[in-house]
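This report describes a single protein chain, moving from its overall make-up to individual residues. The sequence and the model are shown below.

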Amino acid sequence: MNLKMMPAVVMKHCVAQFEPILKQRILLELQVYGLSDSMKCREGKKDELSGQHCSSGACVMINGCNGTANSNFISPNASTFCGRSGEAGSLGLTGLQNLGNTCFMNSAIQCLAHTPKMVDYFLGDYSREINHDNPLGMNGEIASAFGDLLRKLWAPGATPVAPRTFKSKLARFAPQFSGFNQHDSQELLAFLLDGLHEDLNRVKSKPYVEVKDSEGRQDEEVADEYWQNHLARNDSIIVDVCQGQFKSTLVCPECKKVSVTFDPFMYLSLPLPSTTFRTMTVTVISTNGTSQPSPFTVNVPKSGKFEDLIQALRVACSLGADETLLVAEIYNNRIIRYLEEPADSLYLIRDDDRLVAYRLNKDINNAPLVVFMHQQMEEQFIHGKLTSNWKTFGIPLVARLSSVVNGSDIHGLYLKLLNPFRTQAEEVLDDCGTSEGTAVDSISEKEHTSSPVSNGFEKPPDATGVVSPSEVELQFYVTDEKGIVKESPIIFSEAIPAPGVSRRLHVLASLPQKCVKQYDTRLLSSLPQIFKSCFFAKRPQESVSLYKCLQSFLMEEPLGPEDMWYCPGCKEHRQASKKLDLWRLPEILVIHLKRFSYSRFMKNKLETYVDFPIDNLDLSNYIGYRNGELSNHYVLYAVSNHYGSMGGGHYTAFVHHGGGRWYEFNDSHVYPISLEKIKTSAGYLLFYRSCRIKKTSGS
């Protein structure tokens, strides 16, 4: 950084403090990432400062955090400046106070505050370029607020800065960022870059520019024309440093008309193509009483269909050729929906849903189903009095009604389904009254001595439905889908009611306490979520290279039905194919990794680990315009990280500070961080600076 561009107060402080070094005519260079234009690529130039460190054990307090100090000056006695607030090595290592969920803002600002040329620009006399007349700008207020904030961050001896003025200006011009809710650092960055551009646009009067068709001209000619037209209306430090150019090619599927345009871009938003799978846990339940429920965890396409889930479960549970699966969602001990449409999107299934897959034999006669729900007596104190009430519990059980004709068959089928949950098998049949002759005789006798509605109760329930557990036997009632309404009781010797249009008979089984004790109700009630998100349960780590993300972004694909293109050849809207190419690269390349996905049904964060280059991002193979004199290499200098879940979590920033040193900016706190910790699955925004080395004849 040139000293002439530093504010007067900073200049005065630096000259007074470092006069001995200045007398030795040593270049004062703030090494945040190599701000000086003379700084070369790390791979192209040996670091001149290697070995010029503080004396062993010397430390510096950086915003209240201990960090090993390294001198940023080439001086024999540089170590004498270590450990002092305001020393050159700590310039720019200033934290930002969290004003209440403003970590997203702090992270983005720290990355911009360490961006080459932008720092030089805002530490210089940028105010003369403020465009107060731009109707698209904010009267220079955003630029001024950002400039003032950046100067505070770079002031010698600075303590953590409270960005209240900047936050208030931000809320004024972008109300979506008002208040203290958590926001997206990429959305903040996009607004800030655009706002700074308009506030600092050197074009006072934007000319009208007519876009011409390529008409068979060379791409180089058309691209330059588009770029000059863009510069005629947009000229600022942001354009100088951060803007590049796409080549966009549209092809009509009917007449094959080709349209080529060249559009500016401020950053690249790259998809994460490896994140194509979703982990789902579904409990498979037999319908013949032969096995206990078994949870199966499968991987399915993230944007897949319900048929993909069925196929994965079919393989996982070794489903027979004569079997099928009926998948249902369970909530409050009842089935609230069946998932039977193969083409339905898996986005309809949330991570906290609980699904069961009933394993059924295929039935060519399309026999109806019976759905059993369970209830038991629970004691509780109401107004100081101990009372007993019926309460549903457990997972509904399902079976076919192919050979069921009367109440006795229902009784036997239900106990067969409960068989895998027995704890005292030898006593269950006797305790639950399964002797068909005795049960039928008992019920027939009671039909003559009690109300038909009681169906075996020695005493009818009172108005509150409260019945003593000792006075009830295993009973069955026809009920509704919710298992709330007790309709007609099912009599052993009578035919069962015909199922309705849904072809499903819903039966409520009322179990006495002596019967409940014979079963493992905990096993009957255990049902895992589709995906349990907790501290110790993490999704399988997926990995993808940054180059693969870029390839996916540049891949040719058809436009969506909502983005139809009007073909000038057909004179119709067509679903054309679109291909993007990088044509002109900016000096500062910001890459946004699209970790947050939104759909009609859900929001989700992708935890994919992206392996991004630090020292040499080579885009030579991805750029359409081949400039023979330049190789398109970039080095990383900052990362905005997001930790945690969607809609919350926490943002931090990693920043390169010269000489191979990296620091973590966590709101007010700034810590040294080792190079191997830079690449994590939390990386969200990547900031690269150009390192365009002129090619030699042998390269």
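Buried means under 20% relative accessible area, exposed means over 50%, and partly exposed lies in between. Asparagine 139, with a relative accessible area of 40%, is therefore partly exposed. The model is a predicted one.

**Overall make-up**

The chain has 16 helices and 30 strands. Of its 699 residues, 49% are buried. Among contacts with a separation of 6 or more, 72% are between residues 24 or more positions apart. The structure holds zero disulfides. Two of its cysteines can be placed by accessibility: cysteine 103 is buried at a relative accessible area of 2%, and cysteine 242 is buried at 2%.

**Nonpolar cores**

The largest nonpolar core has 58 residues. Within this core, the residues with the most contacts are Phe122, Phe146, Phe166, Leu196 and Phe687. Leaving aside residues up to four places away in sequence, phenylalanine 687 touches Cys111, Leu112, Leu189, Leu589, Val590, Val635, Leu636, Tyr637 and Ala638. A second, separate core has 40 residues, including Tyr358, Val398, Val478 and Tyr519.

**Helices α6 and α10**

Helix α6 spans residues 164-173, and Phe166, Lys167 and Leu170 are buried in it. These residues lie on the same side of α6, because they cover an arc of only 100° around the axis. An α-helix has 3.6 residues a turn, so residues three or four places apart point the same way. On the other side of α6, Arg164, Thr165 and Arg172 are exposed. The buried residues of α6 pack against α3 (103-112), α5 (141-153) and α7 (185-199).

Helix α10 covers residues 306-316 and has Phe306, Leu309, Ile310, Ala312 and Leu313 buried. Their arc of only 165° around the axis puts them on the same side of α10. The cover over the buried residues of α10 includes the strands β6 (277-286), β7 (294-301), β8 (323-331), β9 (334-339) and β10 (355-361). Just after α10, serine 318 takes a positive phi of about 55°.

**Histidine 374 and glutamine 375 in strand β11**

Histidine 374 lies in strand β11, and glutamine 375 is found in that strand too, which runs over residues 369-382. Histidine 374 is buried, since its relative accessible area is 1%. Glutamine 375 counts as buried at 6% relative accessibility. In a regular strand the side chains alternate between the two faces of the sheet.

The polar contacts of the two side chains are listed here.

| Side chain | Partner | Distance |
|---|---|---|
| Histidine 374 | Backbone oxygen of isoleucine 395 | 2.7 Å |
| Histidine 374 | Side chain of tyrosine 414 | 2.8 Å |
| Glutamine 375 | Side chain of serine 510 | 2.5 Å |

Not counting residues up to four places away in sequence, histidine 374 touches a set of residues that includes Gly394, Ile395, Pro396, Leu397, Tyr414 and Leu524. On the same basis, the residues that glutamine 375 touches include Trp390, Lys486 and Ser510. Lys391, Thr392, Phe393, Leu508, Ala509 and Leu511 are among the residues touched by histidine 374, and they are also among those touched by glutamine 375.

**The hairpin of β13 and β14**

Strand β13 (residues 475-479) pairs with strand β14 (residues 486-489) in the antiparallel sense, over two bridges. Tyrosine 477 has proline 489 in β14 as its bridge partner. Six residues lie between the strands of this hairpin, where glycine 483 takes a positive phi near 70°.

**Asparagines with positive phi**

Most residues other than glycine have a negative phi, and most peptide bonds are trans. Asparagine 101 is not a glycine, yet has a positive phi of about 60°. Asparagine 101 lies in the loop between β2 (65-68) and α3. At 39% relative accessibility, asparagine 101 counts as partly exposed.

Asparagine 139 likewise has a positive phi of about 60° although it is not a glycine. The loop that holds asparagine 139 runs between α4 (118-123) and α5.

Methods
Residues numbered from 1 in each chain as written. Predicted model: local features only at pLDDT ≥ 70, side-chain atom pairs only at ≥ 80, totals over all residues. Heavy atoms only, no water. Helix = DSSP H or I, 4+ residues; strand = E, 2+ residues; numbered from the N terminus. Buried < 20%, exposed > 50% of the residue type's maximum accessible area, 1.4 Å probe, protein only. Polar contact = N/O pair within 3.5 Å; in protein donor to acceptor, adjacent residues only side chain to side chain. Contact = heavy atoms within 4.5 Å. Disulfide = S-S within 2.5 Å. Core = buried A, V, L, I, M, F, W, Y, C linked by side-chain atoms within 4.5 Å. Arc of directions from axis to C-beta. Pairing = 2+ DSSP bridges.
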